[in-house]
Amino acid sequence: MFEVDREAIKKQLGSSLLKECLGRMLLIRHFELRAEAAYQQGKVGGFFHSYIGQEAIQTAAVQALGAENWYATSYRVHALALLLGASPEELMAELFGKVTGNAKGRGGSMHFFTDRLLGGFGIVAGQIPIATGAAFTLKYQGKKNEVAICFMGDGAVAQGAFHESLNLASLWNLPCIYVIENNQWGMGTAVHRAISVPCLAEDKAAGYNMKAYTFDGMDFFTCYGGFQHLYHQVLKTERPVLVEVLTERFKGHSISDPALYRTKESLKQVIQRDPILIMKQALLEANMITEEEIKALEKEMRRRLLVALDFAEKSPWPDPLTLEEEVVAPDLGDDK
Amino acid sequence: MSHGTQVVELREALRQAIDEEMERDPNVFVMGEEVGEYNGAYKVTKGLLDKWGPRRIVDTPISELGFAGLCVGAAMTGLRPIVEFMSFNFSFVAADQMISNAIKMYYMSGNRFSVPIVFRGPNGAAAQVSSQHSHCVEALYGNLPGWTVLAPANAYDAKGLLKSAIRENHPVLFLESELSYGDKMEIPVGEYLVPIGKARIIQAGDAVTLVSHSRMIHVCQEAVKELVCKGIKAELIDLRTIKPLDIATIAASVKKTHHVVLVEEGHIFAGIAAEVAFQIMEHCFDYLDAPIERVCQCETPMPYSKVLEQETLPTVHRILKAVDKSLYQ
């Protein structure tokens with residue numbers, strides 16, 4: 001398990017940045033809660049995969065690496081889009097299927113994008129070759145100050161795309177950070193029933209001649225220090241790395257999954273290690289935030305989400321006349 | 001060789017197209033199995049590694065899912081990959097990346113990411129390579145929106161269409177034929193493009209319209225010659241672009257001939273011929289004087305024995321029989 005100097009990280013980031021990070025984790029949490037409520041009211045359709053319980057990981061990763069890299073993740077994409085600058089308004093509108101949505105109402109919950117977020121991918125492991133390709137582009141273009149970051153769930157490790165991508169990335173020295181967010185469940189199948197080794201990164205990486213790490217995904221500080229280390233490692237060595245981040249989602253696989261395969265007791269234990277609670281506690285203990293400030297942050301996030309819901313609600317539907325428009329990208333309009 | 005033209009094999013026409021487009025745009029690169037040091041499984045990329053180096057002519061392990069998906073990611077982030085499948089049969093293991101990612105991305109992302117990528121390689125039957133190496137993929141993939149599907153039948157179209165394909169800003173399937181790589185043709189020395197979405201009338205006629213594409217054009221040409229001997233002037237149309245389909249050229253022909261025979265190397269069920277026939281019905285119902293006839297591959301996996309292989313593929317004999325039936329002869 002990767003160890004960090006928490007005090008040093010607190011010093012390095014300082015209270016204002018750490019408060020911002022807590023704010024982002026709260027924004028994710030509130031977004032998921034409000035969106036789920038909207039789903040229950042029939043405002044949102046289709047699949048819906050909540051990131052609740054995993055907030056520390058991507059918040060720390062984006063803080064440590066910066067937004068100016070290529071990112072890709074699975075269908076559990078709400079948090080990463082928020083962290084990379086998509087507004088709660090455009091994301092909520094996308095969930096509502098409105099034309100003002102992040103993908104004009106064509107993508108839905110699993111397909112959010114930003115300038116540097118290549119997607120939300122609906123097929124398990126489908127994003128791994130894509131992120132590998134982004135790393136290939138960086139190398140092709142000679143960009144030495146950027147990396148590609150590929151998030152995936154533990155279930156993706158069983159897919160062929162995982163194996164082929166890691167083999168190519170290692171073979172060709174591509175600057176890619178592969179992050180397995182092990183939330184313990186591939187839908188309803190416990191990870192030990194799906195993957196033949198206990199440590200998803202450390203047991204697998206040797207087969208790709210890659211370095212491996214394991215982070216505590218419930219702790220923002222470990223994740224931040226870990227990702228910062230990986231970032232420098234990848235930039236320095238121009239080699240890919242593989243990391244497993246241990247976490248556990250609080251919700252079912254998707255909104256329609258009541259997670260009957262998990263006992264109430266074990267869920268209770270998991271929730272005791274709520275990454276947001278841990279973060280609050282740490283900042284309070286370090287006198288970097290007050291209870292009042294936390295309350296104010298919570299209030300602010302509630303307000304922002306109400307604004308987002310209102311925006312989504314009031315936004316127009318896509319015009320059915322546009323249905324068959326923009327299926328293929330137009331020509332570049334050069335001398336073709 | 002006359003001034004300004006050259007006689008080249010189809011594979012050389014393709015090589016020139018790739019070479020010229022790599023010269024034109026530094027973001028164009030080739031990736032695939034044996035494209036570099038081996039000079040291409042069918043020598044389409046011969047000499048390109050020597051000229052462009054391993055950064056732009058990228059040999060891969062046998063890993064179609066991995067490198068096809070990687071190229072989709074590269075296309076999303078600013079490059080313009082040409083993916084060579086040693087055979088389109090191997091594209092099936094990469095199909096999720098092609099279908100779920102490459103062709104959905106532009107629409108699904110609200111037009112945030114385009115995927116300028118060409119998937120090319122031999123399609124269809126070769127010579128006795130049996131059931132797992134003889135698929136025609138155009139009907140399978142053509143069913144899906146989001147890409148252009150091209151299938152040239154000769155060196156001229158191969159070069160001009162491939163150059164157009166590489167300049168498209170969205171995914172293109174470029175289907176070649178292993179048996180046609182050695183076909184020679186006189187083509188211009190200089191640069192030229194062939195427009196996407198335009199069929200070509202290979203042979204003008206007024207008695208019956210034959211529509212086909214790729215290697216089957218040559219089988220149709222043999223049939224057309226025999227029909228001439230019988231005093232029947234058939235009009236032969238080469239689709240060149242399968243999707244988007246140039247129904248205007250086909251419809252104009254049908255309105256003239258009133259009889260149609262469709263010839264396709266792929267299987268008959270839900271094939272390209274079925275689509276062409278339906279669109280003819282939509283556009284020219286009142287002009288048809290006979291039911292549309294189809295000559296396609298029979299509903300069997302490709303058998304190995306050459307006797308059976310010949311039997312399952314469209315032949316001159318089967319085409320002539322279909323023409324006779326259409327003309328009530």
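**Entry 1: helix α7 of chain A**

I began just past a helix end. A:E238 follows α7(A) and has a positive phi, near 55°. I note that this is a predicted model.

Next I checked the helix length. α7(A) runs over residues 220–237, 18 residues in total. At 1.5 Å a residue I expect a span of 26 Å, and the end C-alpha atoms lie 25 Å apart, which agrees.

Which residues of α7(A) are buried? I found a run from the start of the helix: A:F220, A:F221, A:T222, A:C223, A:Y224, A:G225, A:G226 and A:F227. A:L230, A:Y231 and A:V234 are buried as well. I recalled that an α-helix has 3.6 residues a turn, so residues three or four places apart point the same way.

Then I looked up what covers these buried residues. Among the helices of chain A I listed α1, α2 (55–65) and α9 (275–285). The strands of chain A on the list include β4 (176–182), β7 (211–216) and β8 (241–246).

**Entry 2: the largest nonpolar core**

I turned to the largest nonpolar core, which has 203 residues. A:A131, A:C150 and A:V243 have the most contacts inside it. Helix α1 of chain A, residues 6–40, gives the most to this core: 10 residues. Chain B takes part too. Its domain 1 (5–188) and domain 2 (200–326) each supply at least three residues.

I picked A:A131 and set aside its neighbours within four places in sequence. Its contacts in chain A are A:W70, A:A72, A:L118, A:A148, A:I149, A:C150 and A:C176. From chain B, B:G73 is in contact with A:A131.

**Entry 3: the open sheet of chain B**

I traced 7 strands in chain B, in the order β3-β2-β4-β5-β7-β6-β12. The sheet is open and its pairing is mixed. Where are the edges? They are at β3 (57–59) and β12 (241–243) of chain B; each has a single partner strand, so one side of each lacks a neighbour in the sheet. Neighbouring strands are turned by 20° against each other on average, direction ignored.

I then followed β2(B), residues 28–32. Its pairing with β3(B) is parallel, over 3 bridges. Its pairing with β4(B), residues 80–84, is also parallel, over 5 bridges. For single positions, I noted B:G32 bridged to B:D59 in β3(B). B:M31 stands opposite B:V58 in β3(B) and has B:V83 as its bridge partner in β4(B).

Is β2(B) covered or open on its faces? Both faces are covered: B:V28, B:V30 and B:G32 are buried on one side, B:F29 and B:M31 on the other. That fits the count of 5 of its 5 residues buried.

Technical notes. Residues numbered from 1 in each chain as written. Chains lettered and ligands numbered in written order. Predicted model: local features only at pLDDT ≥ 70, side-chain atom pairs only at ≥ 80, totals over all residues. Core = buried A, V, L, I, M, F, W, Y, C linked by C-beta atoms within 7 Å. Buried ≥ 20, exposed ≤ 12 C-beta atoms within 10 Å, placed from the backbone. Helix = DSSP H or I, 4+ residues; strand = E, 2+ residues; numbered from the N terminus. Domains from an automatic or database assignment. Contact = placed C-beta atoms within 7 Å. Pairing = 2+ DSSP bridges. Axes fitted to C-alpha atoms, helices over the stretch in contact; angles between N-to-C directions. Expected span 1.5 Å × (residues − 1).
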